[in-house]
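This report goes through one structure, from a single residue to the relation between chains. The sequence and the coordinates are shown first.

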Protein chains: 2
Amino acid sequence: MNLSFDVEEFIKEFENSCNKVQKKTFEKNEVITSYIQKRNQFCILISGNADLVRYDLNGNRTIIDHFTNNDVFGEVFYNVTTNNELLVEAKSKCEVLIYSYQNIHYKCKQNCKFHQKLSEYLPELILDKVTSLNMRVELLTKRSTRDKLLGYFNLLSTRTLSKTFKLPFSLTDLADYLSVDRSAMMRELKLLKEENFIKKNGKMITLLYK
Amino acid sequence: MNLSFDVEEFIKEFENSCNKVQKKTFEKNEVITSYIQKRNQFCILISGNADLVRYDLNGNRTIIDHFTNNDVFGEVFYNVTTNNELLVEAKSKCEVLIYSYQNIHYKCKQNCKFHQKLSEYLPELILDKVTSLNMRVELLTKRSTRDKLLGYFNLLSTRTLSKTFKLPFSLTDLADYLSVDRSAMMRELKLLKEENFIKKNGKMITLLYK
DNA sequence: GTTTTTCTGTTGCAAAAGCAACAAAATAGT
DNA sequence: ACTATTTTGTTGCTTTTGCAACAGAAAAAC
């Protein structure tokens, strides 16, 4: 996230000016929302972190997306075509702004500050989402588990400007995020350590190659 | 694509009103643009079709995205972090509107109609892109070649409202799009035919299951 | 502070996917 | 219309990935 404006400031300042937006709090493991076609919910995660997960017919879980501070989500971003369940699950206590997408255009009152700012910031919020989705596609199209891992590590390294960083996921969740089998991923991690590509201590990873 | 406005109309009407936008034509196989960090190009494909492709260090080609009429692309949508080359290649003769993203905010003149309309339509254009990227992620996270194929066929079937449809790709390109080995994909297609899941005649596919 | 649950690390075996290579068919180029 | 190039369809073999299962470590719940 490198937005040109401060989402927190924006929310603090304006959340009470508009009666069409609501703020809700969710506890860990609660379902924040499920994606259903034709309900145009649009959400901004104010604090905490949450995952968009899919459970398919074989019982596989996939973490489709991982949301942290200031991320936007909701079924406006999704054309729900599959019969799989899509859920947003809170991974920690979460504060969420919930809004109906239509209401962005139909203002609640002439001078609603929230509306004004939201319209102004919206393209950037969505653009940021496109960028992160493109990175996701970039990762998922990598052919091997090794390339996915290294690709993801590179991303975190670039993001933190450091060769050492902490995984934002448990290893179990990381496997679901990279869409690979956990044991196969663990095996690959072991090889990467043995071949001196990385150093690993719990969730702390250090890249050892140039 | 199911936008609430007609992109073609918008472009026809306003493309000459703004001196900061240019229209270019590309022949088949020409490179329309390559993605380079910090150049904020933003493009709309008016006609033809094109692919966003990546060539990785092992020589694997991946079709990251496939663009047709009215699709938007450009490196505004991409945080170029990898050292891989990202190119947009014309698959047929293409007409493209090219614009610098910054210029969306800095209008060329007070009453530039193009600017006005573009600002108005932009969120929807980008939102549409998010939707298609989410579908892409949905496909790519499927665990097996079979699930990817069936997922993609379902998508085309839903889009065309028909059990029978034509693949917009060559089979070679489809493999690169689904990020699987071509021969493995062909093998799976053969099995799907043998097990009566699909009927296939060249690029025409018919789904046989409910 | 003890118990229960989740997460990590590992492995043998089975299944799926990738690689290489080639002939036939289709398409594009001249 | 003929030739060159690309695409399709196929297969044997190798490598990678996934599955199942389990023990120990860590974290969460009580």
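Is A:Asp173 buried or exposed?

## A:Asp173 and its surroundings

The model is a predicted one. In it, A:Asp173 has a relative accessible area of 10% and is therefore buried, since the cut-off for that class is under 20%. The residue belongs to helix α4 of chain A, which covers residues 171-178.

Leaving aside residues up to four places away in sequence, A:Asp173 touches A:Asp51, A:Arg61, A:Ile63 and A:Lys91. By the charge assignment used here, Lys and Arg count as positive and Asp and Glu as negative.

## Chain A as a whole

Five helices and 11 strands make up the secondary structure of chain A. Its C-alpha trace spans about 65 × 40 × 30 Å along the principal axes.

Chain A has 210 residues, and 53% of them count as buried. Among the contacts in chain A with a separation of 6 or more, 72% are between residues 24 or more positions apart.

## Surface and charge

The area exposed by chain A is about 10100 Å², and 46% of that area is supplied by carbon and sulfur atoms. Chain A carries 32 positive and 26 negative charges. The mean positions of these two sets are 2 Å apart.

## Cysteines

How many disulfides does the structure hold over all chains? The count is zero. A:Cys43 is in no disulfide, and the nearest cysteine sulfur to it, that of A:Cys94, is 11 Å away. The same holds in the other direction: A:Cys94 is in no disulfide, with the sulfur of A:Cys43 as its nearest cysteine sulfur at 11 Å. A disulfide requires the two sulfur atoms to be within 2.5 Å, so a pair at that distance does not qualify.

As for accessibility, A:Cys43 is buried, with a relative accessible area of 0%. A:Cys94 also counts as buried, at 0% relative accessibility.

## Relation between chains A and B

Two copies of a chain are related by a rotation about an axis and a shift along it. For chain A and chain B, the rotation is 180° and the shift along the axis is 0.0 Å, and the superposition gives an RMSD of 0.0 Å. That is the relation of a two-fold axis.

Which surface do the copies use to meet? Of the interface residues of chain A, 100% are also interface residues in chain B, so the copies meet through the same surface.

How values were computed:
Residues numbered from 1 in each chain as written. Chains lettered and ligands numbered in written order. Predicted model: local features only at pLDDT ≥ 70, side-chain atom pairs only at ≥ 80, totals over all residues. Heavy atoms only, no water. Helix = DSSP H or I, 4+ residues; strand = E, 2+ residues; numbered from the N terminus. Buried < 20%, exposed > 50% of the residue type's maximum accessible area, 1.4 Å probe, protein only. Contact = heavy atoms within 4.5 Å. Areas by Shrake-Rupley, 256 points an atom, 1.4 Å probe, with all protein chains shown as cover. Charge placed at Lys NZ, Arg CZ, Asp CG, Glu CD. Least-squares fit on C-alpha atoms with pLDDT ≥ 70 in both.
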